[in-house]
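User: I'm new to this one. Could you take a close look at how its helices pack against each other, and walk me through it?

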Amino acid sequence: MKEYDKMKDYYTIIIEKLIEIYERREAFTRPKEELRAIQVEPEKLFKEYADRYNTEDYQYINISILKLVEKKIITAKKNEAGKYTALKLNLDYVDLAYQIINRVSVPEQCEQVRKVLEKYQNNSSKLVQDIINDFNERLRSYKKLPYDINFNKVKLDVILKTLCAIVLLQEETYIRNFSTAIFKDSKEFGKSMRTVIQNILYDYSDIVVERERILEVYNLFDNPTYVLMKGKALIKYNNSTINLLDMKGGIAIPNSALDDIVSIKIDSDRVVTVENLTTYHDSNDSNSMFIYLGGFHNSSKQKFLRLLYSQNYEKYYFHKGDIDVYGFLILENLIEKTEIPFKPLQMDIEMLRRYFSKGLHKELSVSDKKAMKAEKLEKYRDVLDFMLLNNCKVEQESIKALELLDNIKVEL
């Protein structure tokens, strides 16, 4: 039994190594006559074959080689001493080689994967269609699919099924509920799918946002989100009225309750949306209403802002975000989705210079520099150019830090 298993192992290893070379060279894409020899040297493949004292394994390897020659899977060269020096794959018997090692050829794998793509070909989502088109293009050249999918048809099917479900979400959905609905397990999405789905959505979405926030764009959240508001304003529901002046520090309204607001009356001159929670709490101005959207502004939050603007269109509208490329992209997306003429607040080049001079900045990432090329950001080109020149970006929390430094006279 031991003897048979050893020969079987050597036999299989030789075929697997030759097929590995065959696939690495993409030999299946070219005529046989154009290919250089696909071969291995037994001594390099098996160190025991070079050990003249290991006669037992030497014999097992020779018997394995002889059997492969008899099956015409390989041709073999010997030296004058009768030792095999080169084992060459017989391209006419490649299919048999695949059968012996129970392996599916790359063209067959591509065809199986292509059939999975066909299942989703009629999906109405542009994002899904773009993915399918790109993947089909890769398969035509026998290229492995990205995102560690390779030629795994089962993994691809699960990914596409998940994406098709995500693009249909119209309201705030909690990730554990979504995971239970799709995978019958509240934790499965987080364990096996979150990273790959996040990466695909980030790469294929038209909306430029930080990778870790891309799920919010598609209404997927870890926990309920809230809109925080403070300032001089009255918020009316059918059966109640909230006076924000009575709420020290403001109030948090759950996203699910935004659609039920009937009217909003603002008694200050400015409305300021704030990107960062800390900045929201730090912001105090008796002539402004401050709003923290609590994550990406989805359809309910956009509807709320449009209602607010329709009833208070004479006010001035500002957005206070990070002085980085995503801060400006969030601002532009906010303007586009709500049709409200928001202006940047404390996001100009002079503010950036102040932070930079105090060392209150971070270095740009590769994705920062890539996102800066977006055409919609041309109006902020002076700020972006300063960032690129000085390799810097600034978070809004730095405003308070800058005030603290100025007040306590600390030099960094």
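Analyst: Here's a walk through two helix pairs, with a word on confidence and on a salt bridge. This is a predicted model, where local features need a pLDDT of at least 70, side-chain atom pairs count only at pLDDT 80 or more, and totals for chains, interfaces and linings use all residues. Residues are numbered from 1 along each chain as its sequence is written, and side-chain values use heavy atoms, with hydrogens and water left out.

Let's start with α5 (residues 106–119) and α7 (residues 153–166), whose axes come within 9 Å and cross at roughly 15°. Helices here are DSSP runs of H or I with at least four residues, strands are runs of E with at least two, and both are numbered from the N terminus. Axes are lines fitted to C-alpha atoms, for helices over the stretch in contact, and angles run from 0 to 180 degrees between N-to-C directions. That makes α5 and α7 roughly parallel to each other (angles under 35 degrees count as such). On the α5 side, the touching residues are Q112, V113, V116, L117 and K119, and they meet K153, L156, D157 and L160 of α7 (contact means heavy atoms within 4.5 Å). Sorted by class, that's five nonpolar, one polar and three charged residues.

Next come α14 (residues 349–357) and α16 (residues 381–390), packed at about 25° with axes 9 Å apart. So α14 and α16 are roughly parallel to each other too. Here I349, L352, R353 and F356 of α14 meet D382, V383, F386, M387 and N390 of α16.

How far can you trust this? The protein chain averages a pLDDT of 90, and 94% of the residues score at least 70 (pLDDT is the predictor's confidence in each residue, from 0 to 100). Among the elements, α7 has the highest mean, 97, while α17 (residues 398–408) has the lowest, 63. Where pLDDT is low, the predicted coordinates should not be read in detail.

Away from the helix pairs, K32 and D92 form a salt bridge at 2.7 Å, N to O (a side-chain nitrogen of Lys or Arg within 4 Å of a carboxyl oxygen of Asp or Glu). K32 sits in the loop between α1 and β1 and D92 in the loop between β3 and α4, so the pair ties together parts 60 residues apart in sequence.

Methods. Angles under 35 degrees count as roughly parallel, over 145 as roughly antiparallel, 65 to 115 as roughly perpendicular and the rest as oblique. Ala, Val, Leu, Ile, Met, Phe, Trp, Tyr, Cys and Pro count as nonpolar, Asp, Glu, Lys and Arg as charged, and the others, Gly among them, as polar.
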